[in-house]
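Let's take a friendly walk through this model, from the inside to the surface.

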Amino acid sequence: VTHKLTRQHTGGAYYLFEFAFDPESGNGLHVHSYEDEVVYVLEGAIQIRLGNEKLQTIAGGVAHLPKRIPHALYNPLKVPSRYSAIVIPGGMEDFFDELNAALEANTLDDAMHKKISRKYGIEWLE
């Protein structure tokens, strides 16, 4: 994750970041309590499970992931894909910073990941 604009830059209105997934990888099904997300595909493609829907978009495509609707993101390609995301309102950058700090301190295990996630209103469903 690369921070582009944090809530400090936007008066709390939103957080803009970039991220990438390796080939045929992604994240598990999860739900946000506080934020809507908008994901824009910079390079490659993305498959999204959003509630009961399955979406796919390629470079130049965009998807809206409303809060309180479970979603999972996946790069279906055999090459890396890059994305930009806006999170509304801002604040989720602190989630990523805490995860990174725990990773650097070698304290990031499943229990710590769950604890940090809960703090930021994120529940992992798988």
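## Phenylalanine 19 and the core

Beyond its neighbours within four places in sequence, phenylalanine 19 is in contact (heavy atoms within 4.5 Å) with Val1, Val39, Leu73, Ser81, Arg82, Tyr83 and Ala85. This is a predicted model, in which local features need pLDDT of at least 70 and side-chain atom pairs count only at pLDDT 80 or more, while totals for chains, interfaces and linings use all residues. Residues are numbered from 1 along each chain as its sequence is written, and side-chain values use heavy atoms, leaving out hydrogens and water.

The largest nonpolar core (buried Ala, Val, Leu, Ile, Met, Phe, Trp, Tyr and Cys residues joined through side-chain atoms within 4.5 Å) has 23 residues, of which Phe17, Phe19, Met92 and Phe95 touch the most other members. At least two residues of this core come from each of β2 (15-21), β4, β5 (45-50), β7, β9 (81-88) and α2 (92-104). With 5 residues, α2 gives the most. Helices (H or I, at least four residues) and strands (E, at least two) are DSSP runs, numbered from the N terminus.

## Strand β7 and its partner

Which side chains of strand β7 are buried (under 20% relative accessible area, 1.4 Å probe, protein chains only)? Along residues 62-65 they alternate: Ala63 and Leu65 point to one face and are buried, whereas Val62 and His64 point to the other and are not.

β7 pairs (at least two DSSP bridges) with strand β4 (residues 36-43) in the antiparallel sense, over 4 bridges. Histidine 64 in β7 is the bridge partner of valine 38.

## Isoleucine 88

Isoleucine 88 lies in strand β9. Its relative accessible area is 39%, so this residue counts as partly exposed (between 20% and 50%).
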